[in-house]
Amino acid sequence: MNDAFLMKMLWNLINKPNDLWCKVLYGKYGRNGDLMVTIHSQSYDSPLWKALTGIWERFHQNIVWQLGNGNKINFWLDRWTPSGKSLFSTTNQSFIDTTLSVREVVNPSGEWNYDFLISNLPSTIALQVLALPAPMDTDGHDSIGWGGTSTRDFTVQSAYVYQSVGGQTFEGDWKALWSWKGPHRIQTFMWMAAHERLLTNYRRSKWGVGISPMCPDCDRDNETTLHVLRDCPKATQIWIRLVPSNQITNFFSLNCRDWIFRNISNQPQGIQSKKWTTTFLVACWHIWTWRNKTIFEDDFQYPTNPTYIILKMVDEIDNCNHNPMNLYHGNTIFIGWKKPQEGWVKLNCDGAYKDSLELAGCGGLLRDSDGRWLTGYSRKIGTCDALGAEMWGMYLGMQIAWRQGFNNLQVESDSKMLVDMITGKAGINGKPPTLVRRIQELLKLNWQVQINHTWREGNRCADWLANFSFSLNSFQIHVMETRPSGISSLLFDDISGACMPRNIRVIV
Ligand SMILES: [Zn+2]
């Protein structure tokens, strides 16, 4: 029996102790021990149990905690932060309290004990902890997760990945994606692809009865992410024109996750071309878009020269990066902020990221139906990804709106991903992030809330406030009853109905 399956068994023993076979196995050999701590075997135990005992050590190295209310997690010894390491291994303190729970590092006011974190941890780690929502009772129990996947669910596949890369995580490569200079929707798309969140037929078939997992285009194979984006003959034809011939074999041999990461992170074993990351992202995005149009739009004609369209967009993105004033050619539409209707309040929220400081921040503002400033807020968060910053922005803004007693709230965010996660349009594998759950709890309260996506051009005031957070001294939320002077002209633009051009690409 291979290691991945043994790990899966251990995972089930701990997480599904009431399943019959788990009960039987544990009852026979478990000796009432806590499997989270360690397991033992005797020479007369079954070969299966001995194999499980043999793999336990490595299994345990992969367990991470998912923060709920923080009562059960040991602050220093358990692995619960985004770094995936125990904090014990990062501190330079000579004496630590090894009985300290995570919850005990939260002040009575409900915020992280900032002084404790800063004085006991290296600043990079302290900033990661600060960016996590400080645990509350309503966050539920702490639970364990599997370190190898971003959603903290165990899959046999993730155990294979773990084995094949020797436990290295891919954290660094996400930065390559989020720091890529190009349309945000393409970044979001690729993030979803890498997390197996594209709605392929294969995925649909797992949920719905009677849906065929096969590729509707070639009907040769299951329509998985990798099939649509690379292995379907339609996609393959595009790639063989884009990928240098000496790289072709390599390109088509990797599994989905590795394939995506190699191609976006410009690794030495990847394709040596300056524009490759952009070419790869743009090609994947087009292949997926064309696939959807073929299925959902009756009158869609598949382009006769797809590689030309891809390379043209690659050039445009490249030119745009060299000269920010040189906008894309294409159809231009005008987008601006719109006042909410009578009796409603509008919340615009946003997240921001400062590369040079590796810091994330967020901010937002509430305005009435005349466009008048009600409240603004800004908060320096710590170290987290772009999506995390967007979540903070929405959560804090909604909390303020609720406390101020507004009954009708329109929320606008320029993160399509976040809006889709909250509204349930984007499926989340496993347990949703704490902030998403908290926002969903706020939605259940006795008020009317609409959550909408807006473009960045309609969200400029919130963007300003998110960036304003980097000038704050503390990590606490900064609430502004009156508007800061620097934002006046943007507010004026919004009220007067000024619109920004946005260039929309049309596929001909
Ligand atoms: Zn196909």
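Helices and strands are taken here as DSSP runs, of at least four residues for a helix (H or I) and at least two for a strand (E), and are numbered from the N terminus. On this basis the chain of the predicted model contains 20 helices and ten strands. Of its 508 residues, 33% count as buried. Among contacts between residues at least 6 apart in sequence, 67% join residues at least 24 apart.

Six of the strands form an open sheet, in which the order is β8-β7-β4-β5-β6-β9 and the pairing is mixed. The edges are occupied by β8 (448-453) and β9 (478-480); each has a single partner strand, so one side of each is left without a neighbour in the sheet. From one strand to the next, the twist averages 15°. Within the sheet, strand β4 (residues 345-354) and strand β7 (residues 408-413) run parallel and are joined by five bridges. In this pair, N348 stands opposite E412 of β7.

Helix α19 (residues 460-468) packs on the sheet, where it touches β4, β5 (359-367) and β6 (373-382). The direction of α19 makes about 140° with that of β5.

Two packed helices are described by the angle between their axes and the distance between the axes. Besides its place on the sheet, α19 packs with helix α20 (residues 488-495) at an angle of about 160°, the axes lying 9 Å apart. Angles over 145 degrees count as roughly antiparallel, and α19 and α20 are therefore roughly antiparallel to each other. The crossing of α19 with α20 is left-handed. On the α19 side the contact involves R460, C461 and W464, which meet L490, L491 and D494 of α20. Four residues of this contact between α19 and α20 are nonpolar, none is polar and two are charged.

A further helix pair is formed by α1 (residues 3-15) and α3 (residues 47-60), which pack at an angle of about 85° with their axes 9 Å apart. Since angles of 65 to 115 degrees count as roughly perpendicular, this value makes α1 roughly perpendicular to α3. Helix α1 contributes D3, L6, M7, M9 and L10 to the contact, and helix α3 contributes A51, L52, I55, W56 and F59. By class, the residues of the contact of α1 with α3 comprise nine nonpolar, no polar and one charged.

Methods. Residues numbered from 1 in each chain as written. Predicted model: local features only at pLDDT ≥ 70, side-chain atom pairs only at ≥ 80, totals over all residues. Axes fitted to C-alpha atoms, helices over the stretch in contact; angles between N-to-C directions. Parallel < 35°, antiparallel > 145°, perpendicular 65-115°, else oblique. Contact = placed C-beta atoms within 7 Å. Nonpolar A, V, L, I, M, F, W, Y, C, P; charged D, E, K, R; others polar. Pairing = 2+ DSSP bridges. Buried ≥ 20, exposed ≤ 12 C-beta atoms within 10 Å, placed from the backbone. Left-handed = near helix turned anticlockwise from the far one by under 90°.
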